[in-house]
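Please look over the chain shown below with its overall build in mind, and then with an eye to its cysteines and to the backbone at a few particular residues.

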Amino acid sequence: MDRADIERRIGARSFARLLGDWRPPDGKGLAGALADRIRLLVLDGRLPLQTRLPAERELAAAVAVSRTTVATSYETLRGAGVLRSRRGAGSWTQLPAGPPDDAGPAPFSPLGNSALYDLAHAALPAPCASMRAAAAAAVQDLDALLAGHGYDLGGQPALRSAIADRYTARGLPTTPDQVLITAGGVQAIHLALMVLAGPGDRVLVEHPTYPNTLGAVTTRGARPVPVPMAPDGDGSRWDLDLLTSAVRDAAPRCAYVIPDFQNPTGALLDAADRARLVDLARRTGTTLLVDETLIDLTLDGQTVVPVAAHGAADSPHVLSIGSASKTYWGGLRIGWIRTSAAMVRRLAAARAGVDLGGPVLEQLVVARLMAEHGTVVASRQRELAAARDHLLARLARTFPGWRPSRPGGGLSLWVDLGRPESSRLTSAARRHDVLLAAGPRFGLDGAFERYLRLPYTLRQDRMDEAIDRLAAAWADLDRPGPAVESEPVAVA
């Protein structure tokens, strides 16, 4: 038994809340109903794998059933391969063994292949007219900087000022010395973890969450502590009580959250829970890494206030991470961190061992783009709202058994396939020239096989063709096909 088995556990009260209303209406077959609910929680990723369940007596008291009922449920789950147990030590969740998939895992993105129908990257093409105008103006701005050495750990002053002004306009007073420019949002996450977490430290993450953050945590040698998102009608929500319990029990060095149209579920954290989250960070000394890369992409008229605005404007306990990739274009590779000025200096000092600053010209381009931010964002919002509704309509006609979320913003749907086929569908779709992001990419230990992330970022004509091809892949799921060549993996 390894240390992860011992340290990833759920208390009886938290487990009872996660189980929800599981009892059958007639009150019969309690053991089978309890086993079915636990199996569903495991397959959906809401109960993380390798989690130690409460002892039979503890759970029986928490859910008001006999110990025999819990023991029978656990035995059923062991027989189904959902639990593994050691006498005197406890029981841990696991995924049941499934049939082998000869095709193997499908990659997200083959290098340089633009002929495929890419539903793996949740990213938009550039706003061409605005991009060309900003690039032309940035070349002129560059003249004033060419006599210098070009290195700047903090980032170009023009861009830091533009980003600070944007935060201030959103209700979070910010000065340029509270902003650090990075080479994209992913580098911002890596840099924050370099400063905040070391090998063996715990980092709390939502489950599911952004795959590159999971990679950054494990690359750092830290241990992700997953807190499941809860179902909420046609979407998902945060369980702040469960999150609070996880912070208390695991004592993480930091917590990574995506409050704005969470990737991949599309959930939006409300104002009251934002304030509660910041207060939790303050009381426990847990630093929040708040990923705001999708904050501009509201589609239903919401007004979204940054999480950090619910606390002190110069708090070092909240690091807000932003990016130009989702609003403007991924090829710019510009991101940023907004926090206290003292924390910015600390991050900049740590950065010197990684690089000596970001590309100057791209920073100047983004500074110019931010001067017409409102125009670009309004156009993006109109296009994305139409694309979201179009994709939802197509899915309803083509896959009536699937249950997609209807997010109020962001770039993608989180689709419940109704059965654990996400990885197999991803492999089958690749044979039809469609790239997909399978659900397990967004979780730990192979969870979320029933889910698929589907961006609505293709043109409608290409989206229609992609859905037709996806339907063919779904129909051919059980037919043998040629293996998919393994290629470098990327996700956005």
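The briefing that follows moves from the whole chain to single residues.

The structure is a predicted model, and its protein chain contains 16 helices and 16 strands. A compact globule of 492 residues would be expected to have a radius of gyration near 23 Å, and because the protein chain has 23 Å, the two values agree.

**Overall build**

- The C-alpha trace of the protein chain spans about 75 × 50 × 40 Å when taken along its principal axes.
- Of the 492 residues in the protein chain, 53% are buried.
- When contacts between residues at least 6 apart in sequence are considered, 74% of them join residues at least 24 apart.

**Surface and charge**

- The protein chain has an accessible surface of about 20,400 Å², and carbon and sulfur atoms account for 52% of that surface.
- The protein chain carries 56 positive and 52 negative charges, and the mean positions of these two sets are 5 Å apart.

**Cysteines**

- Zero disulfides are found when the whole structure is searched.
- Cys128 has a relative accessibility of 45% and therefore counts as partly exposed, a class that lies between the limits of 20% and 50%.
- Cys254 has a relative accessibility of 0%, so this residue counts as buried.

**Cis peptide bonds**

- Most peptide bonds are trans, and the bonds listed here are cis.
- The bond from His207 to Pro208 is cis, with omega near 10 degrees, and Pro208 sits in the loop that runs between strand β5 (202–207) and helix α9 (211–219).
- The bond from Asn263 to Pro264 is also cis, here with omega near 20 degrees, and Pro264 belongs to the loop between strand β9 (254–257) and helix α11 (271–284).

**Positive phi outside glycine**

- Most residues other than glycine have a negative phi, which is the background for the two alanines described next.
- Ala64 has a positive phi, near 60 degrees, and is placed in the loop between helices α4 (56–63) and α5 (67–79); with a relative accessible area of 61%, Ala64 is exposed, because the class begins over 50%.
- Ala251 likewise has a positive phi, near 50 degrees, and lies in the loop between helix α10 (240–250) and strand β9; its relative accessibility of 52% means that Ala251 counts as exposed.

Key:
Residues numbered from 1 in each chain as written. Predicted model: local features only at pLDDT ≥ 70, side-chain atom pairs only at ≥ 80, totals over all residues. Heavy atoms only, no water. Helix = DSSP H or I, 4+ residues; strand = E, 2+ residues; numbered from the N terminus. Rg over C-alpha atoms; globule rule 2.2 N^0.38 Å. Buried < 20%, exposed > 50% of the residue type's maximum accessible area, 1.4 Å probe, protein only. Contact = heavy atoms within 4.5 Å. Areas by Shrake-Rupley, 256 points an atom, 1.4 Å probe, with all protein chains shown as cover. Lys, Arg positive; Asp, Glu negative; His and termini not counted. Charge placed at Lys NZ, Arg CZ, Asp CG, Glu CD. Disulfide = S-S within 2.5 Å.
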